[in-house]
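This report looks at the packing inside a chain, one helix, and the contact between two chains. Please look at the structure first.

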2 protein chains.
Amino acid sequence: MVAPESGEQPQPALMPSSPQPATGEIGIALLGCGVVGSGVAELLSKKASDYARRLGRPVRLVGAAVRDLARTRPGLAPSQLTTDPLALVHDPRVHIVVEVMGGVEPACALILAAIEANKPVVTANKEVLARRGDLILARAQERGVGIYAEGAVAGGIPILLPLKRSLVANSLSAIYGIVNGTTNYILTRMAEEGAPFARALAEAQRLGYAEADPTSDVDGHDAAYKVAILAGLLANRRVPVEAVHREGIAQLAPIDFAYARELGYAIKLLAIVRRVGERVDVRVHPTMIPDSHPLAAIRLVTNAIAVKGDAVGEVMFSGPGAGQLPTASAVVADILNAAEHLERPGTLMAWPDPTQAEVVPLAETVSRFYLRLRADDRPGVLGSVGGSFGSHGVSIRYFVQKEGSGTQAEMVFVTHPVREGDFREAIAAIRGDGAVREIEAIVRVEEDV
Amino acid sequence: MVAPESGEQPQPALMPSSPQPATGEIGIALLGCGVVGSGVAELLSKKASDYARRLGRPVRLVGAAVRDLARTRPGLAPSQLTTDPLALVHDPRVHIVVEVMGGVEPACALILAAIEANKPVVTANKEVLARRGDLILARAQERGVGIYAEGAVAGGIPILLPLKRSLVANSLSAIYGIVNGTTNYILTRMAEEGAPFARALAEAQRLGYAEADPTSDVDGHDAAYKVAILAGLLANRRVPVEAVHREGIAQLAPIDFAYARELGYAIKLLAIVRRVGERVDVRVHPTMIPDSHPLAAIRLVTNAIAVKGDAVGEVMFSGPGAGQLPTASAVVADILNAAEHLERPGTLMAWPDPTQAEVVPLAETVSRFYLRLRADDRPGVLGSVGGSFGSHGVSIRYFVQKEGSGTQAEMVFVTHPVREGDFREAIAAIRGDGAVREIEAIVRVEEDV
């Protein structure tokens with residue numbers, strides 16, 4: 001239980017399942033007080049009078065649930081800290097629950113407890129939404145409680161609210177972009193300085209852009225959570241993260257960036273969801289895009305998301321996709337929006353139907369491919385590889401073989417659009433080719449995402 | 001008066017000053033049915049079932065006020081047309097009034113009539129907001145009626161709603177960007193092909209991007225209306241369009257683009273508003289920005305707006321800033337949002353205080369300048385011009401004089417940051433210099449907007 005403020009008696013929980021009507025002060029519970037949580041506490045304390053003016057009533061942090069009570073937290077009195085998050089959720093002074101702990105549990109249980117108590121939830125936790133979104137959104141829908149998650153997808157870049165409200169007149173056909181700053185930083189260094197992956201990663205770690213264990217970023221898990229959430233909004237049905245086809249960036253080598261440049265492409269880790277009839281095609285993978293595409297100009301840790309709609313055409317949103325205050329900016333906006341809709345969440349803000357969308361199997365999708373392989377440097381190899389492509393219906397748009405260095409040669413192909421399943425069968429045949437030593441890189445090429 | 005639908009009796013105006021509670025169908029009045037209005041009618045008719053599902057109740061176009069009843073309008077029955085917009089505003093079946101006529105009158109009178117009748121107004125009319133915003137917003141505030149204007153600023157690009165809702169946790173320090181597609185098209189052609197202004201303008205006119213009378217675009221009036229609206233949101237007070245410092249693009253020559261490229265700059269017509277203490281600095285003018293700035297990559301008719309806030313840092317929104325369906329996308333989103341908030345407009349959606357913001361006089365602002373002049377090609381001229389700069393406290397960062405062609409030489413200067421008033425005094429002195437034939441171009445340089 002959160003200790004009462006000094007001189008104040010603890011208020012009895014008169015209506016535990018229904019918070020006090022919020023005609024006066026809006027009380028906030030903060031679950032978790034790490035990087036983002038401290039940023040939220042800082043904004044709520046520093047800009048309290050500004051927010052009160054905008055909303056027409058004050059917003060106050062009732063308490064924060066933390067693991068370590070001993071650590072001092074700027075903007076929070078020791079009496080506001082508790083190690084019992086569930087008691088904080090049920091505190092009758094709390095109207096809105098802000099979950100910034102991360103991870104699946106106990107975050108999911110606490111979010112569900114808040115929904116049962118009719119308290120809107122603001123979360124910046126992409127993992128819990130991507131993994132337990134079905135449970136959370138179904139229960140929130142049944143009880144008419146708002147779930148706000150602007151901070152979960154693109155840090156400070158407004159994307160969920162623009163999708164739900166500003167682009168509501170559109171049927172969306174695609175959402176795609178750069179949603180992970182760590183990998184975009186690494187790819188930028190690899191492209192601009194020819195740095196190998198390991199060196200660019202080490203640099204990102206040194207600067208605090210990558211974790212000591214960088215798996216979640218470099219293997220595309222983080223981007224997959226985010227695109228699963230975006231895919232839900234596009235399809236208006238739930239897309240579980242397990243359905244997202246995911247490839248990381250660790251296989252890319254500086255030479256691939258050199259070839260890409262020669263061909264007029266940039267390489268970006270793109271999260272992509274497209275509507276294909278009643279189904280969706282949803283994936284995260286390194287992608288070659290034309291140099292002239294606006295996403296090619298998105299450098300370092302900046303994120304950017306493009307949205308295609310039948311009325312608007314294409315719009316793009318870019319900015320800081322992570323970081324303490326940018327993410328807190330999104331979380332606090334959600335708090336203020338939730339406060340305004342406390343009695344009745346807006347219908348336009350509804351989340352997708354919790355039933356699952358049908359996802360197009362990867363083998364059925366159509367892409368262009370960049371392929372780099374190492375083979376014996378002798379006549380006839382191109383004929384043999386070309387034959388494998390041809391017999392699987394893969395037609396080649398571009399081929400180059402640089403001067404071989406002795407016994408082995410590097411061959412680079414770019415295909416015309418081809419069914420992924422056919423391409424994979426051709427690759428299996430090429431792998432079995434005695435002259436082919438190694439398939440070194442396969443990167444999808446998107447001329448027009 | 002709008003004719004009733006066939007087989008339906010006209011409904012009596014029971015409560016002319018307060019529309020029927022909108023528990024069922026939401027009725028829309030369309031004032032004006034030109035390019036944008038027809039797009040709105042098309043979306044409302046084509047996507048009616050989609051909108052009904054999202055909103056939870058149907059949205060129906062009651063009628064459209066037009067000038068010419070004889071013209072056929074796709075998506076509108078002849079019985080839905082009227083030449084009496086005021087009667088349509090007062091039609092009891094109408095809950096939301098959509099003004100897409102453009103111009104100041106009768107648009108302003110009709111918007112005020114809608115407010116008196118407690119009917120929310122959706123408008124895509126930048127001019128009426130920039131010129132009569134004080135009247136309209138004050139009256140709307142008094143009566144608690146919502147005014148929605150997403151289509152007025154950047155066509156299909158979401159900007160007002162993201163500013164009001166998504167970035168509400170921030171104090172905004174600057175909003176700047178490319179808000180006129182016609183001039184951006186002309187500047188792109190001048191930069192990329194060395195086309196002179198007149199030829200690029202003619203091309204824009206041929207493609208339908210520029211009007212026969214292009215004044216409103218090329219002289220910066222259109223951009224000034226838009227930045228006046230944005231400045232109001234930044235300052236939270238009204239900024240009248242007359243207070244916007246405005247320069248057009250007609251003075252620019254291909255040679256300025258060549259110099260800009262040499263110096264690492266692009267030239268864009270930027271609309272800029274910055275907070276300066278309690279005042280705002282608000283202007284529209286051609287601006288040299290670094291090649292690496294994201295706005296430098298915004299080509300042709302695309303628009304883009306960057307926003308700086310104390311929590312988020314900087315975010316950018318880009319896309320189609322005009323056009324029938326993109327603008328209709330914004331107008332219909334406003335209609336749906338207004339419908340959701342019919343009984344009570346959101347407090348976060350409030351417009352600025354209608355009192356006027358104080359604007360920093362241009363002479364007090366500080367900029368870098370690019371200056372190109374033609375002078376006699378003889379020794380001592382640089383010394384004399386440099387003396388004029390020096391005696392007014394203007395320090396020069398860059399100077400180049402290309403090979404003279406006979407008797408006259410072209411001199412190009414870029415200054416360090418300087419008070420505009422001091423720079424103007426230096427220019428007056430240089431104009432009076434006997435050796436200086438012509439000041440040919442002055443363009444502000446923004447290293448970091």
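In this predicted model, B:V98 touches eight residues listed here, leaving aside those up to four places away in sequence: B:I28, B:A29, B:L30, B:L31, B:V40, B:V122, B:V331 and B:I335. B:V98 is also among the residues with the most contacts inside the largest nonpolar core, together with A:I28, A:V98, A:V227, B:I28 and B:V227. That core has 305 residues.

Helix α12 of chain B spans residues 254-263. Which of its residues are buried? They are B:D256, B:F257, B:Y259 and B:A260. These residues lie on the same side of α12(B), because they cover an arc of only 160° around the axis. Residues three or four places apart in an α-helix point the same way, because the helix has 3.6 residues a turn. On the other side of α12(B), B:A258 and B:E262 are exposed.

Several elements of chain B help to cover the buried residues of α12(B); the table gives those included.

| Element of chain B | Residues |
|---|---|
| α8 | 181-193 |
| β10 | 265-276 |
| β11 | 279-290 |
| β15 | 366-376 |
| β17 | 408-415 |
| β19 | 436-445 |

Just after α12(B) comes B:G264, with a positive phi of about 85°.

The next topic is the contact between the chains. Chain A and chain B each give 43 residues to it. On the side of chain B that touches chain A, the elements that give two or more residues are α2 (48-55), α7 (160-166), β13 (313-320) and α13 (324-340). The largest share of that side, 9 residues, comes from α13(B). By type, the residues of this side of chain B divide into 24 nonpolar, 13 polar and 6 charged.

Strand β13 (residues 313-320) of chain A is joined to β13(B) by 3 bridges, and the two strands run antiparallel. One of the residues involved is A:S318, whose bridge partner in β13(B) is B:M316.

How are the two copies related? Two copies of a chain are related by a rotation about an axis and a shift along it. Here a rotation of 180° with 0.0 Å of shift along its axis superposes chain B on chain A, with an RMSD of 0.1 Å. This is the relation of a two-fold axis. Within chain B, the C-alpha nearest the axis belongs to B:F317, 2.4 Å from it. Both copies use the same surface, since 100% of the contact residues of chain B recur in chain A.

Definitions and conventions: Residues are numbered from 1 along each chain as its sequence is written. Chains are lettered from A and ligands numbered from 1 in the order in which they are written. This is a predicted model: local features need pLDDT of at least 70, side-chain atom pairs count only at pLDDT 80 or more; totals for chains, interfaces and linings use all residues. Two residues are in contact if their C-beta atoms, placed from the backbone, lie within 7 Å. Helices (H or I, at least four residues) and strands (E, at least two) are DSSP runs, numbered from the N terminus. Ala, Val, Leu, Ile, Met, Phe, Trp, Tyr, Cys and Pro count as nonpolar, Asp, Glu, Lys and Arg as charged, and the others, Gly among them, as polar. Two strands pair if DSSP finds at least two bridges between them. Copies are superposed by least squares on the C-alpha atoms of residues with pLDDT of at least 70 in both. A residue is buried if 20 or more other C-beta atoms lie within 10 Å of its own, exposed if 12 or fewer, and partly exposed in between; C-beta atoms are placed from the backbone. The arc is that of the directions from the helix axis to the C-beta atoms. A nonpolar core is a set of buried Ala, Val, Leu, Ile, Met, Phe, Trp, Tyr and Cys residues joined through C-beta atoms within 7 Å.
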